[in-house]
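Me: Hi! I'd like to chat about aromatic rings in a protein. Can you take a look with me?

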Amino acid sequence: MADIQGTYDRLFIAVPNALAAMLDAGDAGDAGDAGDAGDAGDAGGSVAVFVDGEPVVDVWGGFADAGRTVPWERDTIVNVWSVTKTMTALCALVLIDRGELDPDAPVARYWPEFAAEGKEKVLVRHLLSHTAGLPDWDGPVDELYDWPAATSRLAARTTRWEPGTAAGYHSLTQGFLVGEVVRRVTGRSVGDFLAAEVTGPLGADFHIGLAPEHDHRVAPAIPPTGKDEDYSASAPGNPTGSEAGNGVRVRDGNSTAWRRAQIPAASGYGNARSVALAQSALACGGEVGGVRLLSRAGCDRAWEEHFDGDDRVLGMPMRWGLGYGLFGTAYGWGGWGGSLMMLEPDSRMVVAYVTNQMREPAEDTRGMEIVTAAYEGLQGLRR
């Protein structure tokens, strides 16, 4: 059995056991450029389950590198890819709850240049619910690292459909769209706002725009079996697109430029503990650890359904709230490579799983296995 570190309530023993099984026998990446080291299971990862704002599981294990020489530590962090969207959404929800941002207002109220090419009717809620009609990133990868260039490109675009009438997963563009609105309202970048108003007060170790002093803690992404760092993935309904963005490869995500940039849909760095802690504010009526981020009504706003139907990019039925996918009574989202955050407000529970070991999206069930294991523990806890 893999050596699992950390703590957990015995009722939730299925969770660390699930992580151990993945590390022992997962469909391992073949280490890509690192040779054939470590072909028995996943390289590394961490899992956290918070109930009532408190950790009932906080565990980690495996290795932070493809060569399996660097142990995954308590403070190891990893790019969680699109799980970052849930942090960006949380920033927007805080501003909405404070009355500083109106979800039903035109985006152009806050960002006048955005009205170009007939986008006057795009509303803030359209950005958060993937219904704005701007799902495609059509610029070079290098432009993702240049905030003014990226946002100017999007402001000059026309929509692919009438806003609000259809949904198409905005894999990269949502972060810049919501992030620029946040910047126009607050005068601060998403990463700065998140640090000052959310993660800082909570003590959550999550970053959008990673400072150099944290580089030594990063576990680089490891491509799936048989793939190297030129690997990129496409959403089922959009072969030319990618969950990580058009043309974005693993080597881009592992670059220093990616870490430093603020790409609020895909470049967040943290561990399972930090993701679960921050999102517990929503699960617990807006307050966690004595820090109130939102009102109860502000939390409920996140679950309001804004779209129910076939997502044009993902190629499958989806329900979208304000920044979160809706799945029955649970809400959350996952990231390219396997990381996942799922929130169950009725049970005041958040489950987070992060990993450096990528798998092909169509074959990856690890996050849901962790969620299922967490529900087993919850049933015992509520008896």
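Me: Let's start with Lys119. Which ring does Lys119 lie over?
Reply: Happy to help! This is a predicted model. In it, Lys119 lies over the face of Phe114, at 4.8 Å from the ring centre.

Me: And what about Arg153, which ring is that one over?
Reply: Arg153 sits over the face of Trp137, and the distance to the ring centre is 5.8 Å.

Me: Cool. Switching to rings with rings: how many aromatic pairs are there?
Reply: The structure holds twelve aromatic pairs. One of them joins Trp320 and Trp333: the ring centres are 4.8 Å apart and the planes are at 50 degrees, so this pair is tilted.

Me: Where do Trp320 and Trp333 lie?
Reply: Trp320 is in strand E10 (residues 316-320), while Trp333 is in strand E12 (residues 330-334), so the pair ties together parts that are 13 residues apart in sequence.

Me: Is Trp320 buried or exposed? And Trp333, buried or exposed?
Reply: Trp320 counts as buried, at 1% relative accessibility. Trp333 is buried too, with a relative accessible area of 10%.

Me: Why is the pair of Phe327 and Trp333 called stacked?
Reply: Their planes are at 20 degrees, with the ring centres 6.4 Å apart, so the pair is stacked; planes under 30 degrees apart count as stacked. Phe327 itself counts as partly exposed, at 35% relative accessibility.

Me: One last thing: which residues do ring pairs link into a cluster?
Reply: That cluster is made of Trp81, Tyr231, Trp258 and Trp336, linked by ring pairs.

Terms used:
Residues numbered from 1 in each chain as written. Predicted model: local features only at pLDDT ≥ 70, side-chain atom pairs only at ≥ 80, totals over all residues. Heavy atoms only, no water. Phe/Tyr/Trp six-rings, centres within 6.5 Å; stacked < 30°, edge-to-face > 60°. Helix = DSSP H or I, 4+ residues; strand = E, 2+ residues; numbered from the N terminus. Buried < 20%, exposed > 50% of the residue type's maximum accessible area, 1.4 Å probe, protein only. Lys NZ or Arg CZ within 6 Å of the ring centre and 35° of its normal.
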